[in-house]
Amino acid sequence: MTAWIDGQAVERDEAVAAAAALLAGAHSPVIAGLCAEAAAVQAAFDLARAIGASLDPASGAALYADLGALAAGGAMATTPAEARGRADLVLALGAAPWTSGLLPDLAVDGPVRGRAAGRPRTLLALGAPGDGALQHVAYPAGESGLPADIGLLRGLVAGRIAGPHPLADLATRLRDALYGVIVYDPAETGALGAEMLNGLVKDLNETTRCFALPLGDSHQGRAVAQVAAWSTGQGPRVGFGRGFPEHDPWRFDAARQVEAGEVDAALWLAPLPAALPSWTRTVPTVALLGAPKGDEAQVVIGVGVPGEAFGAALWHPRRAAIAWHEATAPQSEAHPAAAILADLQARLSSPAKHPAKHPAKHPAKNPERSASC
């Protein structure tokens, strides 16, 4: 069996009917996680529009650390391919870049295109000791955290901090580079660090060339952002409670909504690994999972793992784009999450045609609770 209701194994069709009944009885549902292939994320947006739900990806916090900085002042960013081809200096901020697999690629050779072609490539580290297997220069981290270090570095680069400083040499190296790249993880720097970093990059571009290279998260957040953009013209935290997409990163934060009592049902979409948040235990939840045990939620439906059971469009970190991933272990019987979501939407559009055989329990309706707000 690959479907469960209240921990009891059932046929898939029965579980889908129960999931439809649970969502049909909700005044303010949320579709969260969105750790899935592009087709399933698109289907989630379509379902949310149909039932007046809000959406919040598992990668929301990291994604909005970058999106907030982008909205506040813009960004000058590059891609891994451009970094490999053009950068003569790479600065890794924090610990995350050293576990991403990107820096070993950059350490292999130097730039082959642009003004820096033929020069050696220098790897630098700030905020973490780096990887001893890769030749690099590490600079000491301050006690106030990574955002403060970035702020100090920006002040040194712009000449606003005078006198000797442990990061003065790093500032000089950045100014002297022909094509610098600063690699960072928005989840590690936070919103303040990302905003300060974008300011540093802009300052450097007054006299040379330097670009930010944000790392993608492990929950398909970058792909979700693109699907949200072409579906609604906005970021992924949107609500359809009033019949049209409303973007509000605070208002449609799923955890905040649950804590405030604004959500009465949830659908957690995670064909790719993404741990269910604790709040799903307090709200009637449907979970579409790639490797379910059966007790994760009130209704659990197993779905195929994209890029494994079937070919799918997923975020490709090395290309920094959504790209096709062939199935590594094809399973003809595996149902893609997109198909289950489309089935749910059809049932919810015509509920009388698909009565629930084993309806899941859900809270009583609250007429005073506004949809998706």
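This report covers selected residues, cysteines, a cavity and a pocket in a predicted model.

## Asp-56 and its surroundings

Asp-56 sits in strand β4, which spans residues 54-57. The residue is buried, because its relative accessibility is 6% and the cut-off for buried is under 20%. The Asp-56 side chain makes a polar approach to the main chain: one of its polar atoms lies 2.8 Å from the backbone nitrogen of Ala-254.

The contacts of Asp-56 fall in several stretches of sequence. Setting aside residues up to four places away, Asp-56 touches Ile-31, Ala-32, Gly-33 and Leu-34, along with Arg-237, Phe-252, Asp-253 and Ala-254. Ala-254 is thus both a contact of Asp-56 and the owner of the backbone nitrogen at 2.8 Å. Ala-255 gives a further long-range pairing: Asp-56 and Ala-255 are 199 residues apart in sequence, yet their C-alpha atoms are 9.1 Å apart.

## Leu-34 and Ala-320: positive phi

Leu-34 belongs to the loop between β3 (29-33) and α2 (38-51). Its phi is near 55°, a positive value in a residue that is not glycine. Leu-34 is buried, since its relative accessibility is 0%. Leu-34 is also one of the residues that Asp-56 touches.

Ala-320 likewise has a positive phi, about 55°, and is not a glycine. Its loop runs between β15 (312-316) and β16 (321-325). Is Ala-320 buried or exposed? Neither label fits: at a relative accessible area of 27%, Ala-320 counts as partly exposed. Leu-34, in contrast, is buried.

## Ala-3 at the start of β1

Ala-3 lies in strand β1, residues 3-5. With 0% relative accessibility, Ala-3 counts as buried. Beyond its neighbours within four places in sequence, Ala-3 contacts Gln-8, Ala-9, Val-10, Glu-11, Arg-12 and Ala-15, and also Val-300 and Ile-301.

Val-299 provides a C-alpha distance for this part of the model. Ala-3 and Val-299 are 296 residues apart along the chain, and their C-alpha atoms are separated by 7.6 Å.

## Arg-175 in helix α7

Arg-175 is found in helix α7, residues 168-176. The residue is partly exposed, with a relative accessible area of 33%. Its side chain reaches the backbone oxygen of Leu-156 at 3.1 Å. Leu-156 is also among the contacts of Arg-175, together with Val-157, Leu-204 and Thr-208, when residues up to four places away are not counted.

How far is Arg-175 from Leu-34, C-alpha to C-alpha? The separation is 40 Å, for two residues 141 places apart along the chain.

## Cysteines

A disulfide is a covalent bond between the sulfur atoms of two cysteines. How many disulfides does the model have? The count is zero. Cys-35 is buried, with a relative accessible area of 0%. Cys-210 is buried too, at 1%.

## The enclosed cavity

Rolling a probe the size of a water molecule over the atoms shows where empty space is left. In this model there is one cavity of 30 Å³ or more. The volume of the largest cavity is about 40 Å³.

Its lining is made up of Ala-62, Leu-63, Asp-185, Pro-186, Leu-215, Gly-216, Asp-217 and Arg-222. By class, the lining holds four nonpolar, one polar and three charged residues.

## The largest pocket

The largest pocket holds about 800 Å³ of space. It is lined by 35 residues, and the closest to its centre are Pro-214, Leu-215, Gly-216, Arg-222 and Trp-315. Four elements give two or more residues each to this lining: α3 (60-73), α5 (102-108), β9 (210-214) and α9 (221-232). The largest share comes from α3, with four residues.

The pocket lining divides into 20 nonpolar, nine polar and six charged residues. Some residues serve both spaces. Leu-215, Gly-216 and Arg-222 line the largest cavity and are also among the residues closest to the centre of the largest pocket.

Technical notes
Residues numbered from 1 in each chain as written. Predicted model: local features only at pLDDT ≥ 70, side-chain atom pairs only at ≥ 80, totals over all residues. Heavy atoms only, no water. Buried < 20%, exposed > 50% of the residue type's maximum accessible area, 1.4 Å probe, protein only. Polar contact = N/O pair within 3.5 Å; in protein donor to acceptor, adjacent residues only side chain to side chain. Contact = heavy atoms within 4.5 Å. Disulfide = S-S within 2.5 Å. 1 Å grid on protein atoms, 1.4 Å probe; cavity = no way out; pocket = protein on both sides within 12 Å on 5 of 7 lines; lining within 4 Å. Points joined across faces, edges and corners; volume = space filled by probe spheres on them. Nonpolar A, V, L, I, M, F, W, Y, C, P; charged D, E, K, R; others polar.
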